[in-house]
Amino acid sequence: MLQDSETVTTQVTDEQLDAALAAGATYFATQPTTQYDRCEHLLALAQLFDDQAAELATQAAHDMHKLFAEGQQEAHAAAAILRYYANHGPAFLTPKPYVYGPHDAPAQLEYAPLGIVLAVEPWNFPYTQVIRVLAPNYLAGNPVLLKPARQVAGCAAALEDLAQAAGIPAGAFVSLPLTHDQVAQAIADDRVQGVAVTGSPAVGRHLASLAGQALKKCTLELGGSDACVILDDADLATAIPAMATSRLRNAGQTCTSAKRFIVHRDVADQVIGGLKTIFEAQLIGDPLDPATTLAPLASVAGQTHLSEQVNRALEHGATALIPGGAVPGGTGFRPTLLTDLAPTNPATQEEFFGPVAQLYVVDSDDQAVTVANQTPFGLAGSIFSGDHQRAQRLASRLATGQVFINQGSSGIPELPFGGIKQSGYGREMSDLGILEFMNAKIVVLPA
């Protein structure tokens, strides 16, 4: 049943927050479920995500205009993360033997949960962003308190319903549309021992400072301005569609989208022509209409901000190879391609959260690396080349948390996800994701 976000986001009282923290603390102290139980609950939740993908996609389209097909893909991606941790999480938490001293005396590293993890999550991926935190922490024994973006409170309520249906106890997971002051209260509360944040650098700095004052561990995923490097030996029939798909998926509102296209001069004209064909063919419309290929932006505020960024870039000397721009009478935004971006242009230091790409033409691999790294962000990147060794050498030089060769960047359960610089710190998914909020405790036996 479709949830109305306006109805769901009624004011949370401080008493309700305290009750949620009390329930989480009780769950943590008593640990009423075994690790086997928790694996079964994650598998059950994964099946529910698969079975109800259409309903979940409809909710996401209602809340933040996500394309129906992309909403279904997100639901199935959440299921994949849940299954990954159910199947592999216990092995990641297995005690690890150490030896010490001249006679190799034994010691053992054990992993113990810390307590409640507060997850402050955004609107652009209302299911997978939450599951990246919930799945590993629930399996490990940490309760999760979710503060969803108010725009997708309906999605959060649907997820909470599914979690209960899967058997996850109420104290282990709760979603509350907290105010900024209540988030600060939760971080300061001794029952909360970890803070996982996905959002803007400004939000990350603020919440990290609160976590630091309380000496709480936190992880930050704060967006990016990812480079997509197209070398002169790239297979353009593969590279150009991959570039366009990466930039346009989720209406361009994806942290790991390729936002800056860095193209070797010898293939620049072909790349521009290919992008122009794809960008101008996009049909913006109702996200529930199968004919729509590019969803509207999630909000009027997002459309206004993106328009201001484009205009500011043009005022500072950029050229619009593909003009695009805001669609009147809604929140649509036509794909846009900017070039002639001098290092002093403010656009080079910003994240464009929408279907706007930047094009830089370079003459060498060294220049490509220099341009790619001239950003305050460092989340992901991609390189297209017919020479894998050449691509790997460049990948090693990119200042990012991830690099994908001959494919667009994405989140994969088996691989660590996270960035450096203003893209944040800490990792989600893989074995690293489950260890972020664990006490790695060494037990030293007598020599």
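A residue is called buried when its relative accessible area is under 20%, exposed when over 50%, and partly exposed in between. By that rule Glu351, at 18% relative accessibility, counts as buried. The model described here is predicted.

**Overall form**

The protein chain has 447 residues, of which 53% are buried. It contains 15 helices and 20 strands. A compact globule with 447 residues would have a radius of gyration near 22 Å, and the 23 Å of the protein chain agrees with this. The C-alpha trace spans about 65 × 65 × 40 Å along its principal axes. Among contacts with a separation of 6 or more, 73% join residues 24 or more positions apart. The chain exposes about 17,900 Å², and carbon and sulfur atoms supply 56% of that area.

**Salt bridges**

There are 14 salt bridges in the model. Three of them are listed below.

| Pair | Closest N to O distance |
|---|---|
| Lys259 and Glu351 | 3.3 Å |
| Asp363 and Arg265 | 2.6 Å |
| Arg312 and Glu350 | 3.0 Å |

Lys259 lies in strand β9 and Glu351 in the loop between β13 and β14, so this pair links parts of the chain 92 residues apart. Lys259 is buried, with a relative accessible area of 2%.

Asp363, in the loop between β14 and α13, and Arg265, in the loop between β9 and α11, are 98 residues apart. Asp363 is partly exposed at 45%, and Arg265 is partly exposed at 46%.

Arg312 belongs to helix α12, while Glu350 sits in the loop between β13 and β14, 38 residues apart. Arg312 is partly exposed, at 27% relative accessibility, whereas Glu350 is buried at 18%. Elsewhere, salt bridges that share partners join Asp232, Asp233, Asp365 and Arg390 into one network.

**Helix α13**

Asp365 also appears among the buried residues of helix α13 (residues 365-373), together with Ala368, Val369, Val371 and Ala372. Seen down the helix axis, these buried residues fall within an arc of 165°, so they line one face of α13. An α-helix has 3.6 residues a turn, so residues three or four places apart point the same way. The cover over the buried residues of α13 includes β8, β9, β14 and α14.

**Cysteines**

How many disulfides does the structure hold? The number is 0. For Cys155, the nearest cysteine sulfur is that of Cys255, 16 Å away. Cys155 is buried, at 0% relative accessibility. The sulfur of Cys228 is 17 Å from the closest cysteine sulfur, in Cys255, which is too far for a bond. Cys228 is buried as well, with a relative accessible area of 1%.

Definitions and conventions
Residues numbered from 1 in each chain as written. Predicted model: local features only at pLDDT ≥ 70, side-chain atom pairs only at ≥ 80, totals over all residues. Heavy atoms only, no water. Buried < 20%, exposed > 50% of the residue type's maximum accessible area, 1.4 Å probe, protein only. Helix = DSSP H or I, 4+ residues; strand = E, 2+ residues; numbered from the N terminus. Arc of directions from axis to C-beta. Contact = heavy atoms within 4.5 Å. Disulfide = S-S within 2.5 Å. Rg over C-alpha atoms; globule rule 2.2 N^0.38 Å. Areas by Shrake-Rupley, 256 points an atom, 1.4 Å probe, with all protein chains shown as cover. Salt bridge = Lys/Arg side-chain N within 4 Å of Asp/Glu carboxyl O.
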